[in-house]
Amino acid sequence: MMTLYELLVVIHVFSAILGMGPGFVMIYIVSKARTMTELRQAHAIRNHLHHVVMIGGILLFVTGLWMGMLHPYLFDQGWYVTSLILYLVALGLGPVMLSPRAKPVKMLLNEHQSDDIPPDYYLLSKRLFFYERLENILFLIIIVLMVLKPF
């Protein structure tokens, strides 16, 4: 019989796959587009993936905290506390850094009439993708901390 903690670990691992996995390929999906039609389709796919990432990310955070409440000694573990802090920083990047940089990209996708990708898109997406890569690095660090539990 599986304990509640063991069940939470399973949900936590699947949530990490669901919540973080697609996030690592979101830039790649749109970077292969060569026309505005392809770019709009790629951003639509990206938007759908973002919903999956958000659901997985919420489950990830909730199960991580729940496991900490079941085993309070985790809050004394440096890897656990550091992971929580980095996760909160990564979550904060969304509304503070990503959303303001995504809005002009979305506007351009909605308003640009020609099928050629305008130079402005590359500048705007470069700014956005910088912060997405930063967020991905934070998630990679969190994964390493969760697996290795170095301190």
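Here's a quick walk through the fold first, and then a few single residues.

Before that, the ground rules. This is a predicted model, where local features need pLDDT of at least 70, side-chain atom pairs count only at pLDDT 80 or more, and totals for chains, interfaces and linings use all residues. Residues are numbered from 1 along each chain as its sequence is written, and side-chain values use heavy atoms, with hydrogens and water left out.

Okay, the overall picture. The protein has five helices and zero strands, so the element order from the N terminus is just α-α-α-α-α; helices here are DSSP runs of H or I with at least four residues, strands are E runs of at least two, and both are numbered from the N terminus. The C-alpha trace spans about 60 × 30 × 20 Å along its principal axes. Of the 151 residues, 36% are buried, where buried means under 20% relative accessible area, exposed means over 50%, and partly exposed is in between, using a 1.4 Å probe and protein chains only. As for contacts, meaning heavy atoms within 4.5 Å, take the ones between residues at least 6 apart in sequence: 74% of those join residues at least 24 apart.

Now helix α4, residues 78-111. What span should its 34 residues give at 1.5 Å a residue? The expected value is 50 Å, and the end C-alpha atoms sit 48 Å apart, which agrees; the expected span is 1.5 Å times one less than the number of residues. There's still a kink of about 45° at L98, shortly before the proline P100. That bend is the angle between axes fitted to the seven residues ending there and the seven starting there.

L98 comes up again when we look at E132. That glutamate is in helix α5, residues 119-148, and its contacts, leaving aside neighbours within four places in sequence, are I27, R46 and L98. Is E132 buried or exposed? Buried, because its relative accessible area is 11%.

Just past that helix, in the segment after α5, we get K149. Its phi is near 45°, a positive value in a residue other than glycine. K149 is partly exposed, as its relative accessible area is 44%.

Last stop, H71, in the loop between α3 (36-70) and α4. With 26% relative accessibility, H71 also counts as partly exposed. How far apart are H71 and Y5, C-alpha to C-alpha? They're 8.6 Å apart in space, with their positions 66 residues apart in sequence numbering.

That's my tour.
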